[in-house]
Amino acid sequence: MREPVVLRRTLSVRDLIVYGLLFIGPLAPVGVFGVLDAKSGGAVALVYVIATIAMAFTAVSYAEMSRVVPEAGSVFAYASAGLGHRAGFLAGWLVMLDYLLIPSVAYLFSGIALHALFPAVPAWVFTGLAFVLTTALNLSGVRLAARVGLAVLIAEIMVLAVFVVMAVAVLVGEGPVRPWLSPFTGVGGTTMTAVIGAVSVAVLSFLGFDAIASFAEETTGDSRQVGRAVLLCLCVAGVLFVLQTYLAAVLDPVPPAELAAHPAAQGTAFYDVTGASVSPWLATLMKIAKAVGPAFAAMAAVAAAGRLLYGMARGGGLPHALSSVDSRSGTPRVALLSAGAVTLVVSVWAASRDDGLDVLVSVVDIGALAAFTMLHASVIGYFRVRRSSRDWLRHLLVPIAGALVAIWIIVLAGPLAKLVGLVWLAAGLIVLAVRRYGAAGRARSSGS
């Protein structure tokens with residue numbers, strides 16, 4: 001009898017961290033710096049410190065569950081183990097919304113940025129080209145994709161390193177524009193309400209580190225490897241985010257109050273600071289990095305989405321065809337192509353609309369946050385209820401805190417995001433009911 005083809009174990013801890021950082025993007029704060037600076041009254045570095053701590057609760061829960069359930073499918077597999085198969089399906093269904101839309105947003109970012117550099121070419125053309133290139137890498141095998149991803153990640157970090165070195169040189173030579181401690185205390189002071197309001201936006205910069213768990217069956221080490229990679233990825237991202245926003249904040253000649261009064265200037269605030277206070281050519285280089293980087297963030301996102309579909313199909317939650325593995329590349333080819341097809345349609349559609357980006361961004365995070373809530377519930381269900389764990393910190397207090405953070409951000413989300421989340425949840429409940437009805441019918445037929 002021919003043995004089934006399985007996912008290949010070729011990824012090291014370094015490769016996992018590469019995927020996580022690619023998904024997040026080392027320059028993720030660049031696009032939201034102005035928004036956070038305006039909301040927090042200038043305390044943008046403090047915002048990222050708190051956001052890193054808030055997301056650490058989720059990272060710990062992922063590390064705990066990946067240790068005992070080292071399977072592809074991520075939160076689907078964890079919720080199935082901790083809460084049962086029905087809850088597992090719903091958790092996987094919810095995070096699917098995030099995994100399918102995040103790459104669409106990333107491809108769209110690349111298309112828009114490249115269109116700005118080459119106005120003669122429509123944004124949707126660049127979006128499609130980015131999709132074709134990165135999908136080919138995903139289908140060629142997880143090892144090659146990880147190597148290319150590493151090269152892109154190194155390039156992004158080098159751009160960030162140039163910014164850090166040149167910004168420090170300016171500070172040493174000319175001094176800060178704002179007070180040295182203002183990125184932590186605000187310009188003229190701030191309030192905790194303002195900081196917390198900004199944190200609800202900043203935590204979205206971290207979404208994607210959890211995708212590391214999707215590659216649990218392709219790691220070369222033991223089950224603890226995924227947990228270590230998740231925690232390391234979050235720590236590295238947090239340090240990079242705090243560092244770059246601190247430097248930009250102390251060099252920013254535009255007061256937070258002025259940014260708050262002119263929302264149109266918030267999206268380019270980081271580039272404006274770099275161009276005015278550091279170097280115009282570095283600002284252009286950062287724009288290029290932000291044009292190329294998201295395409296490879298989308299590559300990592302589609303790879304994670306493919307593993308999620310594969311895991312759910314293997315567990316019986318989705319059509320069985322999605323659980324096949326290509327014998328040549330060792331990748332879940334059908335699942336990857338399916339995830340890619342959805343991503344391509346959504347991203348090209350959004351690129352052809354003036355409001356496409358706003359629509360996608362408003363709904364992209366709800367699925368992940370809802371799935372995080374179920375992840376934390378899974379930790380309690382698996383360790384406290386089923387295993388009677390006495391580790392009150394990791395298996396009760398941390399998941400409760402993490403769930404409260406996720407629920408809090410969902411509450412603060414816009415009406416459209418909540419509506420889409422509810423519709424998607426309702427669709428998942430319908431699919432679950434149809435599956436149960438079909439399974440019951442098959443059981444009656446076999447028993448008769």
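These legends describe close-up views of a predicted model.

**View 1. F33 and F270 pair edge-to-face.**
The model holds twelve aromatic pairs. In the one shown here, the rings of F33 and F270 lie 5.6 Å apart, centre to centre. Their planes stand at 85°. F33 belongs to helix 2 (residues 29-40), and F270 to helix 12 (residues 269-278). The pair therefore ties together parts that are 237 residues apart in sequence. Both F33 and F270 are buried. F163 joins F33 and F270 in one aromatic cluster.

**View 2. Y62 meets F372 edge-to-face.**
The ring centres of Y62 and F372 are 6.1 Å apart. Their planes are at 90°, so the pair counts as edge-to-face. Y62 sits in helix 3 (residues 44-68), while F372 sits in helix 16. Because of these positions, the contact ties together parts 310 residues apart in sequence. Y62 is buried. F372 is buried too.

**View 3. The charged end of K287 sits over the ring of Y271.**
The partners are a lysine charge and a tyrosine ring. The charged end of K287 is 5.8 Å from the centre of the Y271 ring.

**View 4. The charged end of R384 sits over the ring of W392.**
Here the charge belongs to an arginine and the ring to a tryptophan. The charged end of R384 is 4.2 Å from the ring centre of W392.

**View 5. R178 forms salt bridges with D37 and D252.**
The model has five salt bridges. Two of them share R178. The side chains of D37 and R178 meet at 2.9 Å, N to O. D37 lies in helix 2, and R178 in the loop between helix 7 (142-174) and helix 8 (182-185). This salt bridge therefore ties together parts 141 residues apart in sequence. The side chains of R178 and D252 meet at 3.3 Å, N to O. D252 is found in the loop between helix 10 (224-251) and helix 11 (256-261). That contact links parts of the chain 74 residues apart. D37 has 0% relative accessibility and counts as buried. R178, at 6%, also counts as buried. D252 is buried as well.

**View 6. A salt bridge joins E64 to R394.**
The closest N and O atoms of E64 and R394 are 3.2 Å apart. E64 lies in helix 3 and R394 in helix 17. The pair links distant parts of the chain, 330 residues apart. E64 is buried, with a relative accessibility of 6%. R394 is partly exposed, with a relative accessibility of 35%. E64 and R394 also belong to a network of salt bridges that includes R67 and D391.

**View 7. S388 has a positive phi.**
The phi of S388 is about 55°. S388 is not a glycine. It lies in the loop between helix 16 (366-386) and helix 17 (392-412). Is S388 buried or exposed? Its relative accessible area is 52%, so S388 counts as exposed. The cut-off for exposed is over 50%.

Note on methods:
Residues are numbered from 1 along each chain as its sequence is written. This is a predicted model: local features need pLDDT of at least 70, side-chain atom pairs count only at pLDDT 80 or more; totals for chains, interfaces and linings use all residues. Side-chain values use heavy atoms; hydrogens and water are left out. Helices (H or I, at least four residues) and strands (E, at least two) are DSSP runs, numbered from the N terminus. Buried means under 20% relative accessible area, exposed over 50%, partly exposed in between (1.4 Å probe, protein chains only). Rings of Phe, Tyr and Trp (its six-membered ring) pair if their centres lie within 6.5 Å; planes under 30 degrees apart count as stacked, over 60 as edge-to-face and the rest as tilted. A charge sits over a ring if NZ of Lys or CZ of Arg is within 6 Å of the ring centre and within 35 degrees of the ring normal. A salt bridge is a side-chain nitrogen of Lys or Arg within 4 Å of a carboxyl oxygen of Asp or Glu.
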